[in-house]
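Here is an informal walk through one structural model, from the inside out. Have the viewer open and follow along.

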Amino acid sequence: MTYQPPLLVALDLTGTFAFGLNGALTAVRVARLDVVGVVALGMITALGGGVIRDVLIGAIPPATFRDWRYFALAVAGGLIAFALSKALDRLGTPIMVLDAIGLSTFAVIGASKALDFGLGIGPALLLGVVTGVGGGTIRDMLVLRIPTVLRSDLYALPALVAAVITVIAFELGFYGLPAALAAAAVCFVIRVLGVRYRLQAPEPLGSVKRRKASEGE
Amino acid sequence: MTYQPPLLVALDLTGTFAFGLNGALTAVRVARLDVVGVVALGMITALGGGVIRDVLIGAIPPATFRDWRYFALAVAGGLIAFALSKALDRLGTPIMVLDAIGLSTFAVIGASKALDFGLGIGPALLLGVVTGVGGGTIRDMLVLRIPTVLRSDLYALPALVAAVITVIAFELGFYGLPAALAAAAVCFVIRVLGVRYRLQAPEPLGSVKRRKASEGE
Amino acid sequence: MTYQPPLLVALDLTGTFAFGLNGALTAVRVARLDVVGVVALGMITALGGGVIRDVLIGAIPPATFRDWRYFALAVAGGLIAFALSKALDRLGTPIMVLDAIGLSTFAVIGASKALDFGLGIGPALLLGVVTGVGGGTIRDMLVLRIPTVLRSDLYALPALVAAVITVIAFELGFYGLPAALAAAAVCFVIRVLGVRYRLQAPEPLGSVKRRKASEGE
């Protein structure tokens with residue numbers, strides 16, 4: 001794959017750790033799990049999106065299976081969440097910020113890697129979003145929650161915006177660290193503002209009002 | 001892969017659009033989703049079965065990622081469902097018919113593509129069914145419904161019949177447009193009659209009677 | 001892949017049949033399904049873990065699609081469960097023992113196959129566990145249960161132990177039938193004792209007490 005600049009790799013590793021931590025914390029809150037289950041859900045959250053992307057573009061074995069740092073950070077996030085779940089519950093905001101860094105970096109790297117592998121614009125956008133939200137979605141399915149990405153607070157949309165900027169930069173020939181950081185920054189800001197002001201993407205008329213039901217699940 | 005006749009491609013594209021539309025409509029009815037979630041579920045319904053098949057036979061990247069028409073029709077179905085969900089609720093029968101076209105074509109193409117890639121009879125039958133029902137199944141898992149295919153109205157069975165006819169025709173050396181259309185037509189008729197007369201495949205004795213519970217989910 | 005000794009293949013086939021039977025029985029108990037749904041869930045339970053492993057290491061098409069015996073035993077397990085679900089309900093212990101054989105063999109073969117394909121230690125451990133528990137996990141997701149592996153009775157942990165022993169033996173250069181059988185035996189004993197004495201892996205403080213709720217689902 002295209003060389004990724006060290007700063008982007010650093011953000012990607014940060015995001016992997018944050019996803020592992022946050023994914024495992026969500027798991028602890030939602031379902032009664034043992035240590036294996038908690039760490040497994042942390043790993044799935046952290047590595048799942050990239051693994052789906054790599055399977056679909058044919059980058060096998062997945063990148064996160066070949067670089068032990070991703071694996072180690074995902075496991076570390078899960079173990080820390082297991083050990084410190086009560087204390088970490090009070091750190092909602094910093095964890096959300098780390099999580100938004102992960103979402104942003106994953107979306108940019110996902111879209112650019114798909115383009116590197118010769119996919120078209122539509123699939124590259126899709127894979128940008130999938131890289132960002134795929135892991136959390138599998139985790140939510142495993143603990144029987146309607147996936148966050150489907151129901152709340154601008155989660156997929158900022159990832160899509162980051163993927164769009166990445167694809168435009170790539171097609172115009174100036175994709176590189178500045179463009180990647182700009183795309184990630186836009187995603188990050190939308191995501192954080194979305195959480196802060198509880199923004200929502202438009203909903204269809206006549207959709208079922210069941211958020212509380214599914215959240216109480 | 002084997003050249004697919006234009007008529008079959010046209011049916012396949014029709015089915016993709018119908019699955020995108022129907023998948024997104026189901027999503028709107030079952031869960032409270034924003035526009036990204038509705039379109040995502042439409043796309044997953046329309047493209048999911050073929051993507052699973054292509055991953056399992058090694059046709060990477062998946063066919064629907066390489067032909068923009070599939071992608072565009074799946075997105076279009078999702079967007080139309082989002083915009084017109086109330087109006088479309090009244091069009092149950094035509095949408096069911098379109099959906100049955102998708103199921104039939106997908107099952108035939110899925111089984112024949114698996115055979116093209118050298119798989120045996122058992123896996124080809126499985127992949128015919130998976131191509132037909134896989135997308136809707138992932139969608140149902142995402143919105144926490146027991147998948148339609150597992151509980152109702154002859155859905156997997158007609159797909160299996162289509163796959164069986166396809167495999168027989170293939171093994172006897174006369175697979176082509178007439179055989180493909182015949183296989184799809186048989187599936188289509190069984191599916192439509194199944195919905196019309198609420199036919200069910202046999203159930204085991206002693207199974208839990210919980211359909212209403214799961215549908216009310 | 002590395003030649004697997006006949007005894008290991010025999011255990012693997014036994015496990016495939018047991019997983020098909022047990023997976024389908026669980027499906028019958030939890031959800032109202034027709035014959036297609038029951039057999040489908042049996043097949044998914046029996047073949048799912050190995051298929052995920054093979055997709056992730058790039059062994060496409062999956063091994064169980066190329067050896068008809070796996071396919072046939074998975075289907076047979078599902079059909080027997082469908083036909084005899086009431087009678088089999090009384091055979092809880094022998095079925096649990098067969099299932100533990102499957103878990104043990106799958107974990108050992110999964111880890112050793114991942115190493116054969118050049119993956120590192122972390123991914124090999126992960127794929128050992130995934131091979132053992134992946135099929136049942138997909139089944140549980142399909143019938144809307146929190147996956148067994150996440151919440152009960154030492155299920156993933158013995159698989160992980162088997163994978164650890166396998167990896168150690170492999171790295172020290174003496175992986176073979178004796179090491180494989182020893183690894184599987186340790187897993188089998190932990191699993192059976194776990195069920196017998198209702199052992200649990202450690203849980204985080206403050207996790208939600210919802211086992212009964214999810215089991216009554």
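## The nonpolar core

The largest nonpolar core takes in 192 residues, and Leu47(A), Leu47(B) and Leu47(C) are the ones with the most contacts inside it. Bear in mind throughout that this is a predicted model.

What does Leu47(B) touch, once its neighbours within four places in sequence are left aside? The contacts are Thr16(B), Thr64(B), Tyr70(B), Phe71(B) and Ala74(B).

## Chain A at a glance

Chain A is a helical affair: 11 helices and zero strands. Read along the sequence, that gives α-α-α-α-α-α-α-α-α-α-α.

Chain A has 217 residues, and 59% of them count as buried. If you take the contacts in chain A with a separation of 6 or more, 77% come from residues 24 or more positions apart. As for the outside, the accessible surface of chain A is about 8,100 Å², with 70% of that belonging to carbon and sulfur atoms.

## Salt bridges

Side chains of opposite charge can pair when their charged atoms come close. Over all chains, the count here is 15 salt bridges.

Start with chain B, where Arg139(B) and Asp140(B) join their side chains in a salt bridge at 2.9 Å, N to O. Are these two residues buried or exposed? Arg139(B) and Asp140(B) are both buried. In chain A, Arg53(A) and Asp54(A) form a salt bridge, also given as 2.9 Å from N to O, and both Arg53(A) and Asp54(A) are buried.

Over in chain C, the closest N and O atoms of the salt bridge between Arg139(C) and Asp140(C) are 2.9 Å apart. Arg139(C) has a relative accessible area of 7%, so it counts as buried. Asp140(C) is buried too, with a relative accessible area of 0%. Back in chain A, salt bridges with shared partners link Arg53(A), Asp54(A) and Lys113(A) into one network.

## Aromatic pairs

A pair of aromatic rings is described by the distance of the centres and the angle of the planes. The structure has nine aromatic pairs over all chains. One of them is Phe19(A) with Phe106(A), a tilted pair with 4.8 Å centre to centre and 50° between the planes. Why does this pair tie together parts that are 87 residues apart in sequence? Because Phe19(A) sits in helix α1 (residues 6-30) of chain A, while Phe106(A) sits in helix α6 (residues 92-116) of chain A. Phe19(A) is buried at a relative accessible area of 2%, and Phe106(A) counts as buried at 5% relative accessibility.

In chain B, Phe19(B) and Phe106(B) make a tilted pair, with 4.8 Å between the centres and 50° between the planes. Phe19(B) belongs to helix α1 (residues 6-30) of chain B and Phe106(B) to helix α6 (residues 92-116) of chain B, so this pair ties together parts 87 residues apart in sequence. Both rings belong to buried residues: Phe19(B) has 2% relative accessibility, and Phe106(B) has 5%.

## Charges over rings

Where does the charged end of Arg196(B) sit? It is over the ring of Tyr197(B), 5.1 Å from the ring centre. Chain C has its own case, with the charged end of Arg196(C) over the ring of Tyr197(C), 5.1 Å from the centre.

## Backbone oddities

Most residues other than glycine have a negative phi, and most peptide bonds are trans. With that in mind, look at Ile60(B) and Pro61(B), which are joined by a cis peptide bond with omega of about -5°. Pro61(B) lies in the loop between α2 (35-57) and α3 (63-66) of chain B. In chain C, the bond from Ile60(C) to Pro61(C) is cis, with omega near -5°, and Pro61(C) is in the loop between α2 (35-57) and α3 (63-66) of chain C.

Then there is Leu144(A), a residue other than glycine with a positive phi, near 60°. Leu144(A) is in the loop between α7 (121-142) and α8 (148-151) of chain A, and counts as buried at 4% relative accessibility. Leu144(C) also has a positive phi, near 60°. In chain C, the loop holding Leu144(C) is numbered as running between α6 (121-142) and α7 (148-151). Leu144(C) counts as buried, with 5% relative accessibility.

Key. Residues numbered from 1 in each chain as written. Chains lettered and ligands numbered in written order. Predicted model: local features only at pLDDT ≥ 70, side-chain atom pairs only at ≥ 80, totals over all residues. Heavy atoms only, no water. Core = buried A, V, L, I, M, F, W, Y, C linked by side-chain atoms within 4.5 Å. Buried < 20%, exposed > 50% of the residue type's maximum accessible area, 1.4 Å probe, protein only. Contact = heavy atoms within 4.5 Å. Helix = DSSP H or I, 4+ residues; strand = E, 2+ residues; numbered from the N terminus. Areas by Shrake-Rupley, 256 points an atom, 1.4 Å probe, with all protein chains shown as cover. Salt bridge = Lys/Arg side-chain N within 4 Å of Asp/Glu carboxyl O. Phe/Tyr/Trp six-rings, centres within 6.5 Å; stacked < 30°, edge-to-face > 60°. Lys NZ or Arg CZ within 6 Å of the ring centre and 35° of its normal.
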